[in-house]
Amino acid sequence: MALQLTNRSKVVSNKEQSVSEKLYLPGIIKGMSITLSHLFKRRATVKYPDEQRPRAEVYRGQHVLKRDDNGAERCTACGLCAVACPAEAITMESAERKKGEENLYREEKYAKTYEINMLRCIFCGLCEEACPKEAIFLTDRIVDTEFERDDFVYGKDKLVEKTDKRIDVSKRQTLEVAAFKKLPGLKHNTMWDGKKQIKDKH
Amino acid sequence: MKVTIDGIEIDVPKGTTILQAARMIGPEVAPPAMCYYTKLKTSGGYCRTCIVKVTQGSTANPNPMPKPVASCRTEVMDGMVVQNFTSPEILEARKGVVEFLLINHPLDCPVCDQAGECKLQDLGYENGSVKTRYEFKRREYDMIDIGDKIKLHMTRCILCYRCVKVCEQITDGRVHGAIHRGDAAEISTYIDKAINNDFSGNVIDVCPVGALTDKTFRFKSRVWFTKPVDAHRKCDKCCGKTRVWLKGDEVLRVTARKDQWDEVHEFICNDCRYDHKKTSDWVIEGPSHISRNSVISQNHYEHLNELKLQALKQQKALGFMNIDKRP
């Protein structure tokens, strides 16, 4: 006797079929009625991408590197996201801001290259949590499909938000984060010339 | 002389300070120190982070000292009883000291090259409060280039005077010192005069914060992405024993070797520090010891070879992977 895992197995027999079983009709009707009943039930699927399911406001999808209200990149290549990343998906190289680039980069150091390998990324959001400059956020966008593996390594061209197409992440910022941002004396609350306090909406 | 620190008794020679005695016992009782440096004479007494409570002056005079004392400048007496971490009063006072040290310190750790090996970061993390109560404009200075290899961010300076002592005692002909007084004091080279001495680079190593940084390493990488290894080379100016910080096969920077109190073993010369940035220049001894609590220990496997050998031995003992008997 073979090893029995459950007691639901049925023993096959060569018993002769009854008349109703020989007709097959009751069986067919029973099966068709199940199929028919499903025609009138709500569909389990949606026609993606024409139709999309609602996603949570704090859905963890494709990352964005935010700019501040003046259009300068917030990221200062501090490397905290990369060290927090459990999948080691983030790499970056830093560079020093030159004179005249103050409108491009907010701090004296900026990320020359910033890459996220979307195949490695597990979308846990720890980079967002680690970021001291409110620069990286996950958004409710879904990462595109690609044909080549290399194309999943997103550089600054894909990650940094466009100045004319801002991405709203205000929903991701909790009350505590907002309160912390308003602390006076924090350098990232002042503009690059160190004079005016900016009111950050994003 | 017998002295008791946090309930642990130790016998020390005459002339030992409380801080040194505490360090002899170990890190569990040693107070933090930002300005005191064993290898620099007359250092200490500025930062006040090493304050301790003396509950009994000596056997001869068992009265307690009225106020917390700076342990780096107070010598032990026979029968002295000292409280450091066991005294809530001292912990509270130290928290205040940290708050004062941080009053003018900018919150630019994400930009600062010292982040990850900064003593003020550690101190603030261990003893400070989470939020600042300071609401006024912080002291700001322009960056100064001291020679072409050292950058001085006066904004980050906590005025520990270690660099001044280095220039005074390790190098000859001091061109670097502190000007003005009190709150307005600043480290200066007397009108940006370059330090051309062979040992001037050591001011980078002694600086507990990111005020003096290596320009050849500026913004190259965060320290925790680099791999520190102990290495040496033949040098006729210094001992040649250094710590080389690698990223891949690239030498990003060279520093002196530091002990558990973050003090250098031996000062190194500028030749070793700035001009030998190739792996072939160095004889690499092995990975440096990094504290488990440090962020630099991320992906840092000090005993990797030992671990590998151990695993291999175990596997062999269990009969897996009979490497020797493979045809």
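Reader: What makes S6-S7-S10 of chain B a sheet, and how do its strands pair?

Author: In chain B, strands S6, S7 and S10 lie in that order in an open sheet with antiparallel pairing. Strands here are DSSP runs (E, at least two residues; helices are H or I, at least four), numbered from the N terminus, and two strands pair if DSSP finds at least two bridges between them. S7 (residues 150–152) and S10(B) have three bridges, so they meet the cut-off of at least two. One bridge partnership in S10(B) joins Leu212(B) to Leu152(B).

Reader: Where does this model come from, and how are residues and chains labelled?

Author: This is a predicted model, in which local features need pLDDT of at least 70 and side-chain atom pairs count only at pLDDT 80 or more, while totals for chains, interfaces and linings use all residues. Residues are numbered from 1 along each chain as its sequence is written, and chains are lettered from A and ligands numbered from 1 in the order in which they are written.

Reader: Which strands are the edge strands of the sheet S6-S7-S10, and what makes them so?

Author: The sheet S6-S7-S10 of chain B has S6 (144–146) and S10 (212–214) as its edge strands, as each pairs on one side only. From one strand to the next, the twist averages 30°; axes are lines fitted to C-alpha atoms (for helices, over the stretch in contact), and angles run from 0 to 180 degrees between N-to-C directions.

Reader: Which strands form the mixed sheet of five, and which are at its edges?

Author: The order in chain B is S2-S1-S5-S3-S4, an open sheet with mixed pairing. S2 and S4 (69–70) are the edge strands, each pairing on one side only. Within this sheet, S1(B) and S5(B) run parallel and share three bridges, and Ile5(B) stands opposite Val82(B) in S5(B). Helix H2 (residues 88–102) lies across S3 and S5 of chain B, at about 155° to S3(B).

Reader: Why is His232(B) called partly exposed?

Author: A residue is buried with 20 or more other C-beta atoms within 10 Å of its own, exposed with 12 or fewer, and partly exposed in between; C-beta atoms are placed from the backbone. His232(B) has 16 such neighbours, so it is partly exposed. His232(B) sits in strand S11 (residues 227–232) of chain B. Leaving out residues up to four places away in sequence, His232(B) touches Gly240(B), Lys241(B), Thr242(B), Val283(B) and Glu285(B), where contact means C-beta atoms, placed from the backbone, within 7 Å.

Reader: Which residues of helix H1 of chain B are buried?

Author: In H1 (residues 18–25), they are Ile18(B), Leu19(B), Ala21(B), Ala22(B) and Arg23(B). Their cover includes strands S1 (2–5), S2 (8–11), S3 (51–56) and S5 (80–83) of chain B. After H1(B) comes Gly26(B), with a positive phi near 140°.

Reader: How many residues of strand S13 are buried, and how does S12 join S13?

Author: S13 (residues 250–256) of chain B is mostly covered, with five of its seven residues buried. S12 (residues 241–247) and S13(B) run antiparallel, joined by six bridges. Trp245(B) has Arg253(B) in S13(B) as its bridge partner. The hairpin they form has two residues between the strands, and there Gly248(B) takes a positive phi near 65°.

Reader: What makes a group of residues a nonpolar core, and how many residues has the largest?

Author: A nonpolar core is a set of buried Ala, Val, Leu, Ile, Met, Phe, Trp, Tyr and Cys residues joined through C-beta atoms within 7 Å. The largest has 53 residues, and those with the most contacts inside it include Val82(B), Ile158(B) and Leu212(B). Both domain 1 (2–89) and domain 2 (103–215) of chain B supply at least three residues to this core; domain bounds come from an automatic or database domain assignment. A second, separate core of 26 residues includes Ala77(A) and Leu138(A).

Reader: How many residues are in contact between domain 2 and domain 3 of chain B?

Author: In chain B, 13 residues of domain 2 are in contact with 16 residues of domain 3. The C-alpha centres of these two domains lie 27 Å apart.

Definitions and conventions:
Contact = placed C-beta atoms within 7 Å.
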